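This report walks through one protein model, from its overall make-up down to single residues. Please keep the sequence and the structure in view while reading.

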Amino acid sequence: MWKPSTPPIALASVLTYTRAFTEGDQVEVGGTRGRGVERRTFVTRIQSLKNVIVSIPNSMVLSNNIINYSKNVGQTGLLVHTTITIGYDVPWQTVNALLIAAARKTDNIVDQPEPFVLQTSLDDNYVSYEINGWTRKAEELPKIYSNLHANILDEFHGHRVEITSPAFRAVREGGASTIPEVKSR
């Protein structure tokens, strides 16, 4: 007869004492991200971002990293960040200003502490920029990221700055720009 190496009661106790998360926290366990809704002796249940309940055996919970997006929201909040790449033809000061303007226009990114930009790499054909802003709404992360990305597109397109990726290279001989017109929301 097979016996588990760790008794189920011990697994539940370990989960309780580690305080990795409580019900209601926004977490990621074993590649599943969502709201912790239930912890039982054998299983932990997470409501995914798409409103699906995922049951994860506690043995798997204990053997994986647990990312708790709610734990340290505190005074400054959770850091929201995304990266874009821009060619060397655009001054870094312009890119920084546009990224910060986009973050400031994004709902649920707070004004204090202020959003900031990191230049994370200088590659062969472009510079990688990372915009960072704080939120206190961990449960709204997917929507915050979507809005931030839309605001970045609006800011850059509105100022006629192309967001090019490493797979796209423009060779122009006086042809028209590929920047789309900005449409109001």
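Helices and strands here are DSSP runs, numbered from the N terminus; a helix needs at least four residues and a strand at least two. On that basis, the elements run α-β-β-β-β-α-β-β-α-β-β-α from the N terminus on. The model is a predicted one.

## Overall make-up

The protein has four helices and eight strands. Of its 185 residues, 36% are buried. Its accessible surface comes to about 11,500 Å². Carbon and sulfur atoms account for 52% of that surface. Contacts between residues at least 6 apart in sequence were also sorted by separation: 58% of them join residues at least 24 apart.

The strands discussed below fall into two open sheets. One has five strands, the other three.

## The five-stranded sheet

This sheet has the strand order β4-β3-β2-β1-β5, and its pairing is antiparallel. Which strands stand at the edges? They are β4 (53-57) and β5 (66-68). Each has a single partner strand, so one side of each is left without a neighbour in the sheet. From one strand to the next, the twist averages 40°.

Strand β3 can be followed on both sides. On one side, β2 (residues 32-39) runs antiparallel to β3 (residues 43-48), and five bridges join the two. Arg39 has Thr44 in β3 as its bridge partner. On the other side, β3 pairs with β4, again in the antiparallel sense and over five bridges. There, Arg45 stands opposite Ser55 in β4. β3 and β4 form a hairpin, with four residues between them. Asn51 lies in that turn and has a positive phi of about 70°.

## The three-stranded sheet

The second sheet has the order β6-β8-β7, also with antiparallel pairing. Here β6 (78-87) and β7 are the edge strands. Each has a single partner strand, so each has one side without a neighbour in the sheet. Neighbouring strands are turned by 25° against each other on average, direction ignored.

β7 (residues 116-122) and β8 (residues 126-135) pair over six bridges in the antiparallel sense. A hairpin of three residues joins β7 to β8. Leu122 stands opposite Val127 in β8. Phe116 stands opposite Asn132 in β8.

The three strand pairs described so far compare as follows.

| Strand pair | Sense | Bridges |
|---|---|---|
| β2 and β3 | antiparallel | five |
| β3 and β4 | antiparallel | five |
| β7 and β8 | antiparallel | six |

One general point helps when viewing either sheet. In a regular strand, side chains alternate between the two faces of the sheet.

## Helices on the three-stranded sheet

Two helices meet this sheet. α3 lies across β6, β7 and β8, and runs at about 30° to β8. α4 packs on the sheet too, touching β6 and β8. The direction of α4 makes about 30° with that of β6.

The two helices also pack on each other. How far apart are the axes of α3 and α4? They are 8 Å apart, and helix α3 (residues 92-104) packs against helix α4 (residues 141-158) at an angle of about 135°. That angle makes α3 oblique to α4, because it lies outside the ranges that count as roughly parallel, antiparallel or perpendicular; roughly antiparallel would need over 145 degrees. The crossing of α3 past α4 is right-handed.

From α3, the contact is made by Val95, Leu98, Leu99, Ala101, Ala102 and Ala103. From α4, Leu148, Asn151, Ile152, Glu155 and Phe156 take part.

## Two threonines

Two residues in these elements are worth locating. Thr85 is in strand β6. Is Thr85 buried or exposed? Its relative accessibility is 15%, so Thr85 counts as buried, since the cut-off for buried is under 20%. Thr85 and Glu162 are 77 residues apart in sequence, and their C-alpha atoms are 9.9 Å apart in space.

Thr94 is in helix α3. At 33% relative accessibility, Thr94 counts as partly exposed, because that value falls between the 20% limit for buried and the 50% limit for exposed. Thr94 and His159 are 65 residues apart in sequence and 9.6 Å apart in space, C-alpha to C-alpha.

Note on methods
Residues are numbered from 1 along each chain as its sequence is written. This is a predicted model: local features need pLDDT of at least 70, side-chain atom pairs count only at pLDDT 80 or more; totals for chains, interfaces and linings use all residues. Side-chain values use heavy atoms; hydrogens and water are left out. Two strands pair if DSSP finds at least two bridges between them. Buried means under 20% relative accessible area, exposed over 50%, partly exposed in between (1.4 Å probe, protein chains only). Contact means heavy atoms within 4.5 Å. Accessible areas come from the Shrake-Rupley method with a 1.4 Å probe; for residues, only the protein chains shown count as cover. Axes are lines fitted to C-alpha atoms, for helices over the stretch in contact, and angles run from 0 to 180 degrees between N-to-C directions. Angles under 35 degrees count as roughly parallel, over 145 as roughly antiparallel, 65 to 115 as roughly perpendicular and the rest as oblique. A crossing is left-handed if the near helix is turned anticlockwise from the far one by less than a right angle, and right-handed if clockwise.
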